[in-house]
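Subject: The structure we talked about

Hi,

Here is the structure I promised to pass on. Please have a look at it first, and then read my notes below.

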Amino acid sequence: MDYRDTLNQKIESIKSGGKEKYHKQNEEKGKLFVRERLALLFDEGVKIEDAFFANCMDDTLPSDGVVTGIGRINGEAVCVMANDSTVKAGSWGKRTVEKILRIQETAMKLEIPMLYLVDSAGARITDQVEMFPGRRGAGRIFHNQIKLSGRVPQVCLLFGPSAAGGAYIPAFCDIVVMVDGNASMYLGSPRMAEKVIGEKVSLEEMGGANMHCSVSGVGDVLVQTEQEAISFSRKYLSYFPTNFRQNPKATETREAKFIEKSVTDIIPENQNAPFNMYDLIDKLIDEDSLCEIKKKFAPELITALARIDGKPIGIIANQPKVKGGVLFPDSADKSAKFVQLCDAFHIPLLFLVDVPGFMIGTKVERAGIIRHGAKMVATMSEATVPKISVIVRKAYGAGLYAMAGPAFEPDSCIALPTAHIAVMGPEAAVNAVYANKIAELPESERPAFIKEKQDEYKDNIDIYRMASEMIVDDVVDPENLREELSNRFTLYESKNVTFTERKHGVYPV
Amino acid sequence: MELKASMAGSVWKINVAQGDSVNEGEDVIILESMKMEIPIPAEKTGTLQKLNVAEGDFVNEGDVLAVIE
């Protein structure tokens, strides 16, 4: 056997990953081998793979359980780290950590996106001194992620566990896609929870994909298969530039989806009646261009990437069909993260406003709705990408502010004829101002009095009065809204502003 | 299957009587909160086994309004 045979033999052995029984176990769970995942992810496979031979003196640890390299997605180069769960359950040793650090540092130098394909049991306790505490220890992975944040897109595809400290990899990414049934995130396993705090709970309940994508909000997109996760990440990246110095790329223009209902049919005039905001969104965006983020979490607010005339935008829309479109602590957080994501990568923002305000009551006050709401307002306020707010129906109270109301420098705040802008709705306002007077009246006279005062109030907040006072920049025909938005976003493309001069703001979290 | 209140509010309208069949997506109960109508649709098709609330009742987020089997 010559030295080339030796090399090829080593390559073949390392490429095949861990023991056959672990491949079988993965297959039974619907999990792909790490190299199959990468073949699906990239246009034409991994182009560069460094430290392939990491830890090759130990036959049981091929590549030290992680593949790191560069490949192309939609023609653009991206860096990737992908755990190999057939090698000691994808756990991290000293070289695993060093490989992850190096690929992150490559992403930083080349200013290209960083993808994390996570399927790992966490630290190898036996190697802890070498891989945990030091300058090039696992903590540095998170330090690098924080440095990369907003510079290049960071995407996490979660195929298996992401345990203990490892759970912070998804946490620091722009987006986390989780495969139902296999993906999980937790700081302490159910076994540890039982031992340390006495709680008996299943993994799915405590850290499963469905829980994280609908309750905790740590997950963003729930998918059923690994293939679905991979194709989602390829679609998602098509909305983004390679780094913060570039603008997102436009694709071919597509017509909006054909829907028989007109916009006028979709939006009820009765401000209190629900309607489905997705129907309006469909009327405005290119067909099949919706890429929704956190669909299952705080669904009273929709956050989605989309395209109008081929150009990417970020949509923040109240959903009157769920919880009346009222803003809650979770919806405020959802908006804050999404607005930061879009602003970081020059994706213009469209706010579709139909909001009765922020929720009131003991429960939300105890949950800190004021600080969560402030976070939503702050991120929207400092976003310098083109912003358009469309007042679809009501915009009451701080809801107007949080949804890019006129005071927050949207490039324009335009209204549909169904718009209402006020501190509160007519019913609440008349009750607040005339409660004593109503109580004094004989019961038979009350309805007429209330109606008279409500009508007066409605006249006072009439949308044409708002337009006359130049509070809104225009009142537009709902049937022309798509064209209006396309026109405005195109003309705002040259916007170039710095929000303010300082090191950074100090906002509530 | 339990039908739960998605937010705090009062029961404005009950569209289905005990024993009636309901279809997935059908609005079983409509709450009123923040002056808005809040529909509570059935997540699955079935029969309304039990109704725990009456029109006008105050409910908290998470309260079980009805049971569908």
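What follows is a short tour of what I found.

Before anything else, please keep in mind that this is a predicted model.

**The two domains of chain A**

Chain A is a good place to begin. Its domain assignment gives domain 1 (3-237) and domain 2 (263-424 + 462-483). Taken over C-alpha atoms, the centres of these two domains of chain A are 35 Å apart. Their contact involves 20 residues of domain 1 and 15 residues of domain 2. Between them, domain 1 and domain 2 of chain A bury about 1200 Å², and carbon and sulfur atoms give 59% of that area. On the domain 1 side, the residues that lose the most area to domain 2 are A:Asp220, A:Lys235 and A:Tyr236, which together make up 35% of what that side buries.

**Where chain B meets chain A**

Which residues of chain B lose the most area to chain A? They are B:Met34, B:Lys35 and B:Met36, and together they account for 50% of what the chain B side buries. The contact as a whole takes 11 residues from chain B and 20 residues from chain A. The area buried between the two chains is about 1200 Å², with 69% of it on carbon and sulfur atoms.

Chain B also has an open sheet of 4 strands, in the order 5-4-2-7, with antiparallel pairing. Its edge strands are strand 5 (36-41) and strand 7 (58-59), each of which pairs on one side only. Within this sheet, strand 2 (residues 9-14) and strand 4 (residues 27-33) of chain B are joined in the antiparallel sense by 4 bridges. If you want a spot to look at, B:Val11 stands opposite B:Leu31 in strand 4 of chain B.

**Strand 5 of chain A and its partners**

Back in chain A, have a look at strand 5 (residues 154-163). Of its 10 residues, 9 are buried, so the strand is largely enclosed by the rest of the structure. Strand 5 of chain A has these pairings:

- Strand 4 (residues 114-120) of chain A runs parallel to strand 5 and is joined to it by 6 bridges; A:Met114 stands opposite A:Gln154.
- Strand 6 of chain A pairs with strand 5 in the parallel sense over 4 bridges, and A:Cys156 stands opposite A:Val176.
- Strand 7 of chain A also pairs with strand 5 in the parallel sense, over 3 bridges; here A:Ser162 has A:Met185 as its bridge partner.

The loop between strand 6 (175-179) and strand 7 (184-186) of chain A holds A:Asn182. Is A:Asn182 buried or exposed? It counts as buried because its relative accessibility is 18%, and the cut-off for buried is under 20%. Apart from neighbours within four places in sequence, A:Asn182 contacts A:Lys29, A:Gly30, A:Lys31, A:Phe159, A:Gly160 and A:Pro161.

**Aromatic rings**

Over all chains, the structure holds 9 aromatic pairs. One of them joins A:Phe52 and A:Phe53: the ring centres are 5.1 Å apart and the planes stand at 90 degrees, so the pair is edge-to-face. A:Phe52 is buried at 9% relative accessibility, whereas A:Phe53 is partly exposed at 33%.

A:Phe142 and A:Phe172 make a tilted pair, with 6.2 Å from centre to centre and 40 degrees between the planes. A:Phe142 is in helix 6 (residues 139-148) of chain A and A:Phe172 is in the loop between helix 7 (168-171) and strand 6, so this pair ties together parts that are 30 residues apart in sequence. A:Phe142 is buried at 13%, and A:Phe172 is partly exposed at 30%.

There is also an aromatic cluster, made up of A:Phe232, A:Tyr236, A:Phe240 and A:Phe345. Two rings have a charge over them as well: the charged end of A:Arg307 sits over the ring of A:Tyr239, 4.2 Å from its centre, and A:Lys323 lies over the face of A:Phe328, 4.3 Å from the ring centre.

**One last residue**

A:Gly399 lies in helix 17 (residues 398-402) of chain A and is buried, with 0% relative accessibility. Leaving out neighbours within four places in sequence, its contacts are A:Leu327, A:Val355, A:Gly357 and A:Phe358.

Enjoy exploring it!

Best wishes

Definitions and conventions. Residues numbered from 1 in each chain as written. Chains lettered and ligands numbered in written order. Predicted model: local features only at pLDDT ≥ 70, side-chain atom pairs only at ≥ 80, totals over all residues. Heavy atoms only, no water. Helix = DSSP H or I, 4+ residues; strand = E, 2+ residues; numbered from the N terminus. Buried < 20%, exposed > 50% of the residue type's maximum accessible area, 1.4 Å probe, protein only. Contact = heavy atoms within 4.5 Å. Pairing = 2+ DSSP bridges. Phe/Tyr/Trp six-rings, centres within 6.5 Å; stacked < 30°, edge-to-face > 60°. Lys NZ or Arg CZ within 6 Å of the ring centre and 35° of its normal. Domains from an automatic or database assignment. Buried area = accessible area lost by both parts, 1.4 Å probe.
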